[in-house]
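Here is a short tour for anyone who likes to see how a fold holds together, residue by residue. Have the viewer open and follow along.

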Amino acid sequence: MLEGIIANYKKDVTGMSYPFNGITELSAVQEKVTSGLTPIVAFLGDKKFLVGDVSYMDFYFYECVQMTLHCLQPELFTQFPTLKTYCESVASLPGLKEYLAKPDRREATYFFNNKMAVHNGIEKA
């Protein structure tokens, strides 16, 4: 069930970043971010990981939070401070910590959304 909630959040927020849906205002996307993350953050509470022990959902949700932070809402951790602690917990997992520290890791050159997305973390000229 939690996986579906996270998947819906990612679908909604990613989809709103593309111009064909008629929503291009970042403020509308940020409202969707807030409404989508609120129940997930409430479920997380003060746990270190979503379901107690680390699971695949933590990696999936971590990616969603990073995309949101990078592309849509840089002040996300101000609004949801528990997400900062959560992301630090996931990013410090053995193996992942070392991998994320590599500047030449493959996905470090990727955009979170396609370059045609209105909101993709790329500065517009």
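## A walk through the helices

Val65 is found in helix α3. Please keep in mind from the start that this is a predicted model. Val65 has a relative accessible area of 0%, and because the cut-off for a buried residue is under 20%, Val65 counts as buried. Which residues does Val65 touch, leaving aside its neighbours within four places in sequence? The contacts are Leu76, Phe77, Leu83 and Cys87. Another residue to look at is Leu37, which is 28 residues from Val65 along the chain, with 9.1 Å between the two C-alpha atoms.

Now step back to the overall picture. The protein has 6 helices and 0 strands, so along the sequence the pattern reads α-α-α-α-α-α. There are 125 residues in the protein, and 34% of them are buried. Taking the contacts between residues at least 6 apart in sequence, 67% join residues at least 24 apart.

Back in helix α3, which covers residues 56-72, you will find Thr68. Is this threonine, Thr68, buried or exposed? Thr68 is buried, and its relative accessible area is 0%. Its side chain has polar partners: there is a polar contact of 2.7 Å between the side chains of Thr68 and Tyr9, and a polar atom of the Thr68 side chain lies 2.9 Å from the backbone oxygen of Cys64. Beyond four places in sequence, Thr68 is in contact with Tyr9, Val33, Gln73 and Leu76.

Tyr9 leads us to helix α1, where the buried residues are Leu2, Ile6, Tyr9, Val13 and Thr14. These residues cover an arc of only 115° around the axis, so they lie on the same side of α1. The length of this helix can be checked too. Helix α1 runs over residues 2-15, and its 14 residues should span 20 Å at 1.5 Å a residue; the end C-alpha atoms are 20 Å apart, which agrees.

Helix α5 can be read in a similar way. Its buried residues are Leu83, Tyr86, Cys87, Ser89 and Val90. Seen down the axis of α5, they fall within an arc of 155°, so they line one face of the helix. Leu83 and Cys87 have already appeared as contacts of Val65.

How many aromatic pairs does a search of the whole structure find? The search finds 1 aromatic pair. The partners are Phe61 and Tyr86, with ring centres 5.5 Å apart and planes at 50°, so the pair is tilted. The pair links distant parts of the chain, as Phe61 belongs to helix α3 and Tyr86 to helix α5 (residues 81-91), 25 residues apart. Phe61 is buried at 0% relative accessibility, and Tyr86 is buried at 2%. Another ring to visit is that of Phe43: the charged end of Lys47 sits over this ring, 4.3 Å from its centre.

Two loop residues complete the tour. Val54 lies in the loop between α2 (26-44) and α3, and at 39% relative accessibility Val54 counts as partly exposed. Not counting residues up to four places away in sequence, Val54 touches Phe49, Phe59 and Leu93. Phe80 lies in the loop between α4 (76-79) and α5. What is the relative accessible area of Phe80, and is the residue buried or exposed? The value is 8%, so Phe80 is buried. Leaving aside neighbours within four places in sequence, the contacts of Phe80 are Thr34, Leu37, Thr38 and Val41.

For convenience, here are the C-alpha pairs from this tour.

| Residue pair | Separation along the chain | C-alpha to C-alpha distance |
|---|---|---|
| Val65 and Leu37 | 28 residues | 9.1 Å |
| Val54 and Ser89 | 35 residues | 9.6 Å |
| Phe80 and Leu37 | 43 residues | 8.6 Å |

Leu37 is paired in the table with Val65 and with Phe80. Ser89, the partner of Val54, is one of the buried residues of α5.

Key. Residues are numbered from 1 along each chain as its sequence is written. This is a predicted model: local features need pLDDT of at least 70, side-chain atom pairs count only at pLDDT 80 or more; totals for chains, interfaces and linings use all residues. Side-chain values use heavy atoms; hydrogens and water are left out. Helices (H or I, at least four residues) and strands (E, at least two) are DSSP runs, numbered from the N terminus. Buried means under 20% relative accessible area, exposed over 50%, partly exposed in between (1.4 Å probe, protein chains only). A polar contact is a pair of N or O atoms within 3.5 Å; within protein, one must be able to donate a hydrogen and the other to accept it, and residues adjacent in sequence count only if both atoms are side-chain atoms. Contact means heavy atoms within 4.5 Å. Rings of Phe, Tyr and Trp (its six-membered ring) pair if their centres lie within 6.5 Å; planes under 30 degrees apart count as stacked, over 60 as edge-to-face and the rest as tilted. A charge sits over a ring if NZ of Lys or CZ of Arg is within 6 Å of the ring centre and within 35 degrees of the ring normal. The expected span of a helix is 1.5 Å times one less than its number of residues. The arc is that of the directions from the helix axis to the C-beta atoms.
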